[in-house]
Amino acid sequence: MGDYKTGPETDAELVARVQRGDKRAFDLLVRKYQQRIMALISRYIRNRSEIADVAQEAFIKAYRALPNFRGDSQFYTWLYRIAINSAKNHLASQSRRPQTASVDGLEPEQLADLAGQTDNASPERLLLTAELKREIDAAIAELPEELRTALLLREIDGLSYEEIAEVMECPIGTVRSRIFRARDAVDRRVAPLMET
Amino acid sequence: MSVSEQQGLKLSCFMDGEIPAKAELDSLSQDAAARAVWGRYHLIRDAVQNELPEHYCDLSDRISAALADEPTVLAPRPRAMTTWQKAVGFAVAASVFAVAIVSFQTVQQPTVESAVADVAPMPVMAAPVSQVADAPVLVDDERARLEDMLINHTEAVSANGLNVMLPYARVVSDRIEIPLEEAAEEAPVAAEPNASGSQPAAVSEPDQP
């Protein structure tokens, strides 16, 4: 994964703050990486409620281990390893769990759990996910061209502010402003969905 | 929940690697609205980069609640050396260096004899090889005494379990005297063909004195 996708300088600053006892800084790391970590864990575990549980477990393990994190690798790489190990441990514990109970007395949800096809997310939550993606794509498509170009050069092509300024032939301050305005415009479309 | 334009701009630049001043970052991290905007900005990034999971879920509240009971982590920080500690370290290093210099100069200091030799070098004439070969190097008594010393030394070292086969062999071989006539008689025997019929390497006769 390219540096532009994770921002190692940002992570280093936040990690240093957590190591000095700032729990709020860890919340910023959680908010930054939670979707990627759940996407990663979902490659190992199909059960949707278990994905969230394992992701939470991985973040808590990371928090407890942060005093020993020396920055030899990037924070995201380190967190990635913790998440994969948590997913594998979860699968191993599932395989060791004795399956002695009869299925006759189980509820449909429990049966679905056993089959690994469970979906504890509500229909509203599923709708929200699809709607989120649609709203974000639509909001980006409706951005003024200079805002959309600046945002996509940053998020998809991974260019630095200096490189975007060179490509768009404008000062770096303008690039900062355009990228922020693009994010802000998309956020205004996304925020109401998150608050429902 | 939203934030001011200035805060939003700071958050946007921070997620792209521009670290704000400590006070600004303090206020951002302590502001719940700013943390929510930060999370949504990253959600937008994840959506653009196709990194969203199949099913969206916000874990931040659950994790914050779970961590509320956790003890605050504190990484041990490397202790910065005080000026006094630096001075002591420098003094120790300087002392060791000075002792090393003095010791080296003492070892290298010329003795009186070598100093005289340096001032008035004696002309050294190379003696003819025949004279060197014929000259008695050691008197027999002295030679015998040195050999005994060598053997005693070798046995003593051997008794201590050290590998001294080579020096012992040298001492013994040094004591064996083979008359030249016997050596001359042995040479043709060694030169005879062996059982396989191959010719041995020629053995040159020892030089006659």
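A residue is called buried if 20 or more other C-beta atoms lie within 10 Å of its own, exposed if 12 or fewer do, and partly exposed in between, with C-beta atoms placed from the backbone. The structure is a predicted model, in which local features need pLDDT of at least 70 and side-chain atom pairs count only at pLDDT 80 or more, while totals for chains, interfaces and linings use all residues. Residues are numbered from 1 along each chain as its sequence is written, and chains are lettered from A and ligands numbered from 1 in the order in which they are written.

**Exercise 1. Describe the helices, burial and contacts of each chain.**

Step 1. Helices (H or I, at least four residues) and strands (E, at least two) are taken as DSSP runs and numbered from the N terminus. On this basis chain A has ten helices and zero strands, and chain B likewise holds ten helices and zero strands.

Step 2. Of the 196 residues in chain A, 34% are buried, whereas in chain B 14% of the 209 residues count as buried.

Step 3. Two residues are in contact if their C-beta atoms, placed from the backbone, lie within 7 Å. Taking contacts between residues at least 6 apart in sequence, 64% of those in chain A join residues at least 24 apart, and for chain B the corresponding share is 36%.

**Exercise 2. Judge the confidence that the predictor assigns.**

Step 1. The confidence of the predictor in each residue is the pLDDT, which runs from 0 to 100. Chain B averages a pLDDT of 70, with 52% of its residues scoring at least 70.

Step 2. Over residues 186-209 of chain B the pLDDT is below 50, and this stretch has 13 contacts in the model beyond near neighbours in sequence. Where pLDDT is low, the predicted coordinates should not be read in detail.

Step 3. For the complex, the predictor gives an ipTM of 0.85 and a pTM of 0.62.

**Exercise 3. Work out the side of chain A that touches chain B, and then examine one residue from each chain.**

Step 1. In the model, 54 residues of chain A are in contact with 44 residues of chain B. The helices of chain A that each supply at least two residues to this side are α2 (8-19), α3 (23-41), α4 (48-65), α7 (123-141), α8 (145-155) and α10 (172-195), and α3(A) gives the most, with 14 residues.

Step 2. For the classes, Ala, Val, Leu, Ile, Met, Phe, Trp, Tyr, Cys and Pro count as nonpolar, Asp, Glu, Lys and Arg as charged, and the others, Gly among them, as polar. The side of chain A that touches chain B then has 27 nonpolar, nine polar and 18 charged residues.

Step 3. A:Asp27 is found in helix α3 of chain A, and it counts as buried because 22 C-beta neighbours lie inside 10 Å. Leaving aside neighbours within four places in sequence, A:Asp27 is in contact with B:Arg35, B:Ser60 and B:Ser64.

Step 4. B:Asp16 is in the loop between α1 (5-15) and α2 (22-30) of chain B, and it is buried because 20 other C-beta atoms lie within 10 Å. With neighbours within four places in sequence again set aside, B:Asp16 is in contact with A:Gly7, A:Arg154 and A:Tyr161.

**Exercise 4. Identify the residues of the largest nonpolar core that touch the most other members.**

Step 1. A nonpolar core is a set of buried Ala, Val, Leu, Ile, Met, Phe, Trp, Tyr and Cys residues joined through C-beta atoms within 7 Å.

Step 2. The largest such core has 59 residues, of which A:Ile37, A:Ile41, A:Ala55, A:Ala83 and A:Ala150 touch the most other members. Its largest share, ten residues, comes from α3(A).

Step 3. Not counting residues up to four places away in sequence, A:Ile41 touches A:Ile51, A:Val54, A:Ala55, A:Ala83 and A:Ala87.

**Exercise 5. Characterise the packing of α9(A) with α10(A) and the loop between them.**

Step 1. The axes, which are lines fitted to C-alpha atoms over the stretch in contact, with angles from 0 to 180 degrees between N-to-C directions, come within 8 Å and cross at roughly 100 degrees for α9 (residues 161-168) and α10 of chain A.

Step 2. Angles under 35 degrees count as roughly parallel, over 145 as roughly antiparallel, 65 to 115 as roughly perpendicular and the rest as oblique; α9(A) and α10(A) are therefore roughly perpendicular to each other.

Step 3. The contact is made by A:Tyr161, A:Glu162, A:Ile164, A:Ala165 and A:Met168 of α9(A) together with A:Ile172, A:Val175 and A:Arg176 of α10(A).

Step 4. A:Glu169 lies in the loop between α9 and α10 of chain A, where its phi is near 55 degrees, a positive value in a residue other than glycine. A:Glu169 is exposed, with 7 other C-beta atoms within 10 Å.
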